[in-house]
Number of protein chains: 2
Amino acid sequence: MSAKSDPGRSLALLWGSHTRPGRSGLTVRAIVEAAIALADAEGLDAATMRRVADKIGSGTMSLYTHVPGKTELNDLMVDTVIGELYTGVDDPSGRDGWRAGMRYVAERNWDLSLRHPWLLDATGGRPTLGPNALLKYEAELRVLDGIGLTDVQMDSVLTLVLTHVEGVARSHAGLARAQRDSGLTELEWWRATAPVLERVMTGHDFPLAGRVGEASSQVYQASADPVHAFAFGLDVILDGVQRLID
Amino acid sequence: MSAKSDPGRSLALLWGSHTRPGRSGLTVRAIVEAAIALADAEGLDAATMRRVADKIGSGTMSLYTHVPGKTELNDLMVDTVIGELYTGVDDPSGRDGWRAGMRYVAERNWDLSLRHPWLLDATGGRPTLGPNALLKYEAELRVLDGIGLTDVQMDSVLTLVLTHVEGVARSHAGLARAQRDSGLTELEWWRATAPVLERVMTGHDFPLAGRVGEASSQVYQASADPVHAFAFGLDVILDGVQRLID
DNA sequence: GTCCGTCGGCGTACATCGTACGGCACCCGC
DNA sequence: GCGGGTGCCGTACGATGTACGCCGACGGAC
């Protein structure tokens with residue numbers, strides 16, 4: 001791993017032209033798209049420099065001519081898929097009221113995370129100030145503009161909703177990944193776990209955990225239900241925001 | 001990496017005795033504690049099998065006599081630090097009302113994530129049904145028992161609050177990590193980034209993003225403020241829960 | 001007391017990762 | 001036509017988790 005870290009260069013790359021080819025036709029765009037395809041199909045771990053290069057038909061080290069390193073490639077991947085969010089669909093602010101607008105924002109972000117689960121692993125750390133990320137911020141803020149919130153409150157509300165979506169989406173992705181890695185569905189895993197858990201828990205007493213856990217897993221048919229958590233949490237949060245506005 | 005995955009064995013390990021020594025005095029407890037110390041000091045990436053073994057004074061492969069693999073060691077680390085949550089302090093349900101109780105739960109979890117930032121990277125996937133995790137679930141549910149929520153609602157509310165805390169804690173940890181890795185403080189990074197961003201953004205127009213982003217970063221003195229997000233979000237969520245109860 | 005099977009401890013080896021380094025060959029300006 | 005810069009890329013290094021198999025020390029049977 002390199003110790004370098006040049007914010008200026010990263011930013012310039014994010015905003016620059018990705019279609020200017022080198023001698024063999026290699027472009028930044030092609031590299032990023034190959035990496036995204038790999039990550040979509042097999043997870044972020046599969047988006048290896050070697051495998052990306054193979055997919056493109058170039059030598060591994062040739063990638064470094066166009067991209068400083070893995071970190072910057074990740075940033076490019078992130079900003080690229082963020083571009084999918086509101087292109088070809090309605091602007092979030094075109095909805096009827098801030099509540100419907102925020103719900104729409106949440107749903108679009110949720111869908112994006114389902115389509116690209118690796119997004120959650122690739123973000124974190126400093127924000128990715130690419131063009132599409134800024135476009136997204138702008139579009140989402142429009143929903144909250146002019147409804148009686150201060151500027152800081154607008155940012156806080158948006159952050160709150162997005163943090164919620166990210167959290168439940170991460171939970172969803174984690175479960176899906178566990179299922180893929182272990183080869184066990186949620187139900188199979190529970191069937192293998194429950195009896196051992198029962199045996200090992202004898203002597204201890206968890207009345208509430210037992211009662212509530214049982215009720216929940218009965219309803220969810222699983223150990224957790226991110227889809228339900230998404231909807232429930234969004235409702236509660238929007239109710240709280242309502243109260244903030246009044 | 002091995003392809004194995006034995007829920008039964010993992011559970012048994014979590015609940016079993018960690019103090020039974022092998023021939024050279026090596027115990028599961030010692031291994032786990034060394035790994036935690038490493039992760040606390042230098043991040044989860046530093047908790048390598050080789051480095052853990054070195055710290056203990058044993059051969060690398062000897063660890064595998066006591067622990068099936070890295071995954072299971074992570075689970076053990078997680079359940080162990082979860083044990084810190086409510087030991088030696090008040091039970092969350094001893095508070096005055098569910099609201100103060102939930103606030104306490106959120107704060108304890110937030111503190112834990114600050115003390116052990118790697119926790120956020122080590123969880124995810126299926127839940128870690130260790131003894132301390134169950135104790136935590138039980139203790140936290142007590143806060144919400146008998147206030148007019150159904151069992152499923154109790155689980156949903158708790159999940160919502162914990163998801164929020166996890167999200168903002170992850171944001172905090174990400175910023176701290178970026179600062180450590182890049183050697184740039186938040187302010188230094190912004191000073192290096194802002195001018196380039198300004199230059200590259202000419203021609204585009206982000207009126208709201210500019211206005212709101214400026215106002216926020218002025219108040220936070222940074223690109224984001226997880227501490228503020230924690231408090232703000234918690235208030236909003238608890239207001240929403242209040243409404244759910246009424 | 002002796003012997004032997006079992007099992008804890010661990011050295012070596014392998015596939016995989018990101019990437020530093022340096023050589024080769026092409027292409028553009030003179 | 002030719003010299004220098006630059007795109008391309010093969011090789012090599014230090015990590016990682018862990019499979020495999022050897023060694024040597026215990027514990028029970030006689």
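Colleague: How many salt bridges are there between domain 1 of chain A and domain 2 of chain A?

Modeller: A salt bridge here is a side-chain nitrogen of Lys or Arg within 4 Å of a carboxyl oxygen of Asp or Glu. Between domain 1 of chain A and domain 2 of chain A the count is one. A:Arg177 and A:Asp45 form a salt bridge through their side chains, with 3.2 Å from N to O. Before we go on, this is a predicted model, in which local features need pLDDT of at least 70 and side-chain atom pairs count only at pLDDT 80 or more, while totals for chains, interfaces and linings use all residues. Residues are numbered from 1 along each chain as its sequence is written, chains are lettered from A and ligands numbered from 1 in the order in which they are written, and side-chain values use heavy atoms, with hydrogens and water left out.

Colleague: Where do the two domains of chain A lie in the sequence?

Modeller: Domain bounds come from an automatic or database domain assignment. For chain A it gives domain 1 as 7–81 and domain 2 as 92–245. Their centres, taken over C-alpha atoms, are 29 Å apart.

Colleague: How many residues of each domain are in contact?

Modeller: Contact means heavy atoms within 4.5 Å. By that rule, 16 residues of domain 1 of chain A touch 17 residues of domain 2 of chain A.

Colleague: And what area is buried between these domains?

Modeller: The size of an interface is often given as the accessible area lost when the parts come together. Buried area is that loss for two parts, found with a 1.4 Å probe and summed over both. For domain 1 and domain 2 of chain A the value is about 1400 Å², and carbon and sulfur atoms give 64% of it. A:Val78, A:Asp79 and A:Val81 supply 38% of the area that domain 1 buries against domain 2, more than any other three residues.

Colleague: What secondary structure does chain A have?

Modeller: Helices (H or I, at least four residues) and strands (E, at least two) are DSSP runs, numbered from the N terminus. Chain A has twelve helices and zero strands. Its C-alpha atoms fill a box of roughly 70 × 50 × 35 Å along the principal axes.

Colleague: Now for the two chains: how many residues does each give to the contact?

Modeller: Chain A gives 70 residues and chain B gives 70 residues. The area buried between these chains is about 6000 Å², with 73% from carbon and sulfur atoms. The salt-bridge rule finds six across this interface. One example joins B:Asp151 to A:Arg211, whose closest N and O atoms are 2.9 Å apart. Among the helices of chain A that each supply at least two residues to the side touching chain B are α1 (7–15) and α9 (151–182). The most comes from α9(A), with 18 residues.

Colleague: How is chain A laid on chain B?

Modeller: Copies are superposed by least squares on the C-alpha atoms of residues with pLDDT of at least 70 in both. Here a turn of 180 degrees and a shift of 0.0 Å along the axis lay chain A on chain B with an RMSD of 0.0 Å. That is the relation of a two-fold axis. Of the residues of chain A, A:Gly240 comes closest to the rotation axis, with its C-alpha at 2.1 Å.

Colleague: Why do we say that the copies meet through the same surface?

Modeller: Because 100% of the interface residues of chain A are also interface residues in chain B.
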